[in-house]
Each structure stands twice: as structure tokens, then as C-alpha cells.
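Biologist: I would like to learn how to read a structure like this one. Could we go through it feature by feature?

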Amino acid sequence: MILELILVFLLGILSGTFTGLAPGIHINLIAAILVSLVSKFSFISPLSAVTFIVAMSITHTFIDFIPSIYLGAPEEGTFLSILPGHELFLEGKAHSAVVYTLYGCLSALLVILIFTPIYIYILPVIYESINNIVPFLLIFISCYILLREEKIFLSFCVFALAGALGFLVFNNPVKDPLLPLLSGLFGLSNLFISLNSNEIKVKQKIENFKKIKFSLKEFFKSIIPVSIFTPLFSFLPGLSSSHSATFASELFPQERKGFLFTVGAVNTIMMGLSFVALYSLGKTRSGSSAAIHDIMNTLTLHNLFIILIVIIISGILSFYIGINISRVFAKIVSKISYKKVTLLVIIILFIINCIFTNSLGILVLITSTALGMFTILSDTRRINLMACLIIPVIFYYLY
Amino acid sequence: MRRLSFLIAIIGIFSLCFYTFFSVPLEISDQKQIKYLLDNQKVLIKGKVVRENVYEDRIILTLNNNLSLSCEFCIPPYKNNNITAIAIYDNFYKNFEIKELK
């Protein structure tokens with residue numbers, strides 16, 4: 001049994017590395033495939049499947065910043081890293097940018113451990129009362145983000161259009177609706193704009209790991225707001241890691257490396273705490289926790305203990321895997337044609353969508369790509385596009 | 001490029017709106033067809049009501065072809081009546097939510 005768990009754990013890390021590096025292939029997709037396999041093949045034990053999903057999901061949160069920073073191909077949780085990441089890329093410091101996000105991811109493991117008892121003993125008590133005000137909290141958070149914009153009218157247009165698109169997508173027979181919706185809004189849109197811009201080749205410096213410093217003062221300046229907002233946001237439906245990172249960095253302004261650290265930490269905390277929330281509330285807050293819920297209807301404390309061990313070990317291993325992959329990327333990125341890579345990624349994303357979604361999904365992909373491009377070209381923040389999830393959730397709670 | 005992307009987004013959203021309201025429902029007649037349905041699929045169901053369960057906020061109609069329909073606005077009784085309904089398939093509960101009933 002232990003040997004089987006170690007094997008699936010390693011396979012999970014391998015899969016998480018693959019999903020993290022391959023733009024468009026989300027962990028939810030692999031988790032969904034695994035859920036269908038578990039129901040068909042009885043030799044796959046539920047605990048092995050859960051170990052695989054947890055190891056894959058945590059590794060994914062560590063690795064998926066690498067294509068975001070080097071190729072500008074983000075997913076919904078990493079698009080915030082593009083701007084500071086690209087600035088450092090242009091300075092030849094993309095490797096340092098990746099390391100700062102990895103520092104954040106690694107520190108997130110500590111936050112997950114600290115908040116686990118709070119999630120287990122306090123969250124179930126306060127959840128019912130918070131649940132009643134979820135739509136109003138979402139409206140408040142959306143208004144706050146909109147009013148902080150410089151171009152309020154344009155941002156409101158983007159927010160309204162994304163909300164309408166999300167509402168229509170979740171009320172029509174779109175196969176795997178999140179795939180075309182999110183890969184269009186956050187992936188393809190950015191890639192098309194990159195394709196249209198001038199090719200920049202910057203030789204990347206691979207600084208020694210010990211020279212990429214992050215002082216204790218910077219650490220606390222980043223980790224405190226992350227610890228305040230992320231555990232709170234991670235059990236509210238419709239809110240993503242980008243909302244938490246935006247709140248944390250706006251209320252406690254940070255420099256570029258602090259921001260990258262924040263984005264990295266938030267992503268991993270959200271993922272880790274979604275498993276704890278599944279145990280304490282029985283609610284699914286991520287695609288991975290939904291897959292675990294499908295495999296094991298209820299988690300025991302023993303299961304949660306194993307999940308926490310998997311989170312910690314896979315996190316530490318992923319940190320070193322991430323650093324080494326980033327080194328390889330830094331060596332080869334200046335030698336390859338950025339436009340060719342971008343075009344290749346666009347083709348891969350389109351093929352993946354053609355395989356996994358239907359004709360209505362392709363219409364969603366085209367629409368969401370256009371809306372994502374409009375948002376970038378209008379100089380409004382892409383967090384407003386998350387209305388595609390927030391508006392349907394608000395409607396669900398109110399009606 | 002900005003205007004073009006805005007235009008495409010608007011056309012796409014209106015196309016989805018159009019699909020929502022004017023798509024032709026898929027006619028289904030037995031349980032076996034359910035596995036081919038997608039969540040939120042609009043369907044046309046005909047049959048005779050053999051069972052009627054009335055709850056506080058909805059009624060559940062079971063037809064002679066074993067299909068179950070859920071309705072919030074329907075006023076019973078429907079038992080032994082032949083009905084034609086346009087409904088939306090809910091993959092989570094594996095049932096149909098009636099939108100129009102004749």
C-alpha cells in the first residue's frame with residue numbers, strides 16, 4: 001500500500017509538472033479523467049487517486065508561473081504575475097521572477113499548516129452566517145475593485161460583458177464550459193496580443209539561488225496580507241486567487257518581488273485550503289477538491305492527515321523542480337523564436353478546445369478571446385474578467 | 001484591433017443570447033437518451049403522467065417513459081394527463097426542470 005502511494009505520489013508530481021508547463025491543460029481536466037477511471041477500474045484505490053490529485057494540484061501551483069513569465073501564457077490564477085514577471089523578463093531576470101513566486105509557494109505551505117486547525121474547528125461554526133451574506137460580499141468586493149480603476153466606465157463595461165458571458169455559458173449546453181471560457185479570457189487573448197507585438201530577445205541571467213534575496217522584512221510585508229485575505233477568500237465561491245492577491249497587494253502596497261511572492265503564495269494556499277475546506281465543510285472550492293469529493297464522498301481526519309503530508313512533501317519537491325525547470329527555460333528562451341512558440345501555444349490551445357468542448361464551446365472561446373483582448377487593449381485590469389464566475393454565483397445565491 | 005475585438009465579443013454574446021432563447025429543443029423519449037445530454041440542454045418531452053409528488057415549492061412528475069420532470073410553477077393535478085414540456089436538463093440532479101408546459 002505504501003509503495004503504491006509513493007508511486008502515485010511521484011506520478012502526481014510528474015503530472016502536475018506537465019499540466020503546469022503545458023498551457024491550456026488544466027489539472028481539472030486530468031482530475032476529471034482520473035475520476036472516470038476510478039469508477040471503471042476497481043484496482044485504483046480511492047486513497048491512491050486522492051494522493052495523485054493532491055500531489056498534482058500542489059505541483060501545478062508551483063510550476064504554472066513558468067510559462068506565464070517566460071511565454072506570457074497564463075491561466076486564471078497566474079495572469080497577475082504577467083506584468084511584473086514580464087518587466088523582469090525584459091531586464092533578463094525572468095529566472096529571479098520565477099524564484100520569487102516559488103518562495104511564495106513554499107511559504108504558503110506554512111500558512112496552510114497554521115490555518116488547518118482554524119478551518120477545522122472555527123470555520124464550520126461561522127460558515128452558516130457567512131453563507132447568508134455571500135452574494136453581498138461578492139457585490140461589495142466587485143464594487144471595490146471597479147471603483148479602484150482609473151477607467152471606471154470601461155472597466156464596468158468589461159465587468160458587465162464578462163458577467164453576461166459567464167451567465168450565458170453556465171446556462172447553455174457548453175461541454176466543459178470553463179475550458180473555452182478561461183483559456184479565451186486569460187490565455188489566447190494575451191497570446192494573440194503578444195503575437196502582434198515586436199519580438200524581443202533578451203538574454204536571461206541565471207543568478208545563483210542564494211543571490212536571489214528576499215529579506216525578512218519583505219517576507220513579513222507580503223505574508224501578513226496574504227494570511228489575512230487568502231484563507232478568507234478561499235472558501236467564498238466565485239472568488240479566485242487573483243482577487244485575494246489584488247486585495248493583499250492593494251491594501252499593503254508591495255514592490256515587484258513582493259507582488260510575485262504574494263501571487264505565488266496565494267495560489268498554493270487557495271489550493272491547499274480547498275482540501276481542508278472539503279473536510280471541514282464538505283464543500284468543494286476547486287476542481288481538484290471536487291474530484292476528491294467525487295472519489296471519496298466524505299474525508300476522514302486520517303485522510304486529511306495524509307493529504308497534508310502530501311501537500312508538504314510535494315510542495316518542497318516542486319520548489320526544487322521549479323527552480324531547475326526555470327534554469328532550463330532561461331537558457332533556451334533567448335535562442336528560440338518567441339513568435340513561433342506563441343503561435344505553437346495558440347494552436348495547441350485551440351486543438352485542446354476542439355477536442356474537449358463542442359461547437360458552442362468554440363463560439364465561447366472566440367467570444368472570450370475577443371473580450372480578453374479588448375480588456376488588455378483598453379488598459380483595464382483583467383481581474384474584472386473574473387465577473388464571468390462572480391455574476392453567475394451572485395445570481396445563484398439571490399434567485 | 002480594440003474596436004474589432006469589442007465587436008466580436010458583442011456579436012458572440014448576442015449569438016449566445018439568441019441560442020438561449022431560440023434554439024430548437026431536442027426531443028427525447030426514454031431514459032437511455034439521458035447519457036447523451038449535456039448540462040443545460042433544452043429538451044422536448046412528451047408522455048403521460050403516472051406519478052405526481054407535490055412538495056412545498058415544486059412538483060415532480062414521473063412519466064410513463066420513466067422520465068422525471070421538476071416544476072416550480074405547475075399547479076396540480078396532472079396525473080393521467082398527457083403532457084408536452086420544454087425543459088432544461090440538470091446533470092447534477094439528473095432530472096429536467098420544466099420551462100414550458102402544455
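Modeller: Let's start with Met296(A), and keep in mind that this is a predicted model. Met296(A) has 15 C-beta neighbours inside 10 Å.

Biologist: Is Met296(A) buried, exposed or partly exposed?

Modeller: A residue needs 20 or more such neighbours to be buried, and 12 or fewer to be exposed. Met296(A) has 15, so it counts as partly exposed.

Biologist: Where along chain A does Met296(A) sit?

Modeller: Met296(A) is in the loop between helix H14 (287-295) and H15 of chain A.

Biologist: And which residues does Met296(A) touch, beyond its neighbours within four places in sequence?

Modeller: With those set aside, Met296(A) is in contact with Pro46(A), Val50(A) and Asn303(A). There is also a long jump in sequence to look at: Met296(A) and Ala49(A) are 247 residues apart along the chain, while their C-alpha atoms are 9.6 Å apart in space.

Biologist: Pro46(A) and Val50(A) bring us to H3(A). How do I describe two packed helices?

Modeller: Two packed helices are described by the angle between their axes and by the distance between those axes. Here, helix H3 (residues 46-63) of chain A packs against helix H15 (residues 301-332) of chain A at an angle of about 35°, and the axes are 8 Å apart. The crossing of H3(A) and H15(A) is right-handed.

Biologist: What classes of residue make up the contact of H3(A) with H15(A)?

Modeller: That contact has 14 nonpolar and seven polar residues, and no charged residues. On the H3(A) side, the residues include Leu47(A), Val50(A), Val54(A), Ile58(A) and Phe62(A). H15(A) contributes, among them, Asn303(A), Ile307(A), Ser314(A), Gly315(A) and Phe319(A).

Biologist: Why would residues a few places apart share a face of a helix?

Modeller: An α-helix has 3.6 residues a turn, so residues three or four places apart point the same way. In H3(A), Val50(A), Val54(A) and Ile58(A) are among the residues that meet H15(A).

Biologist: How many residues of H3(A) are buried?

Modeller: H3(A) is mostly covered, with 16 of its 18 residues buried. The length of H3(A) can be checked too: at 1.5 Å a residue, its 18 residues should span 26 Å, and the end C-alpha atoms are 26 Å apart, which agrees.

Biologist: What else in chain A comes close to H15(A) in space despite a long gap in sequence?

Modeller: Take Leu10(A), which is found in helix H1 (residues 2-21) of chain A. Leu10(A) and Ser314(A) are 304 residues apart in sequence, yet 8.6 Å apart in space, C-alpha to C-alpha. Leu10(A) has 14 other C-beta atoms within 10 Å, so this residue is partly exposed.

Biologist: Let's step back to the chain as a whole. How many helices and strands does chain A have?

Modeller: Chain A has 18 helices and zero strands. Its radius of gyration is 20 Å, close to the 21 Å that the globule rule gives for 399 residues, so chain A is as compact as a globular protein of that length. Of those 399 residues, 55% count as buried. Among contacts in chain A with a separation of 6 or more, 82% come from residues 24 or more positions apart.

Biologist: What does chain B look like on the same points?

Modeller: Chain B has one helix and six strands, in the order α-β-β-β-β-β-β along the sequence. Its radius of gyration is 17 Å, whereas a compact globule of 102 residues would have one near 13 Å. The C-alpha trace of chain B spans about 60 × 30 × 25 Å along its principal axes. Buried residues make up 23% of chain B.

Biologist: How many residues does each chain bring to the contact between them?

Modeller: Chain B brings 17 residues and chain A brings 18 residues. The chain B side has nine nonpolar, six polar and two charged residues.

Biologist: Last topic: how should I read backbone phi?

Modeller: Most residues other than glycine have a negative phi. Asp379(A) has a positive phi, near 60°, and lies in the loop between helix H17 (359-377) and helix H18 (387-398) of chain A. In chain B, phi of Asn66(B) is positive as well, near 70°. Asn66(B) lies in the loop between strand S3 (59-63) and strand S4 (68-71).

Biologist: Are Asp379(A) and Asn66(B) buried or exposed?

Modeller: Asp379(A) is exposed, with 12 other C-beta atoms within 10 Å. Asn66(B) has 12 C-beta neighbours inside 10 Å and counts as exposed.

Terms used:
Residues numbered from 1 in each chain as written. Chains lettered and ligands numbered in written order. Predicted model: local features only at pLDDT ≥ 70, side-chain atom pairs only at ≥ 80, totals over all residues. Axes fitted to C-alpha atoms, helices over the stretch in contact; angles between N-to-C directions. Helix = DSSP H or I, 4+ residues; strand = E, 2+ residues; numbered from the N terminus. Left-handed = near helix turned anticlockwise from the far one by under 90°. Contact = placed C-beta atoms within 7 Å. Nonpolar A, V, L, I, M, F, W, Y, C, P; charged D, E, K, R; others polar. Rg over C-alpha atoms; globule rule 2.2 N^0.38 Å. Expected span 1.5 Å × (residues − 1).
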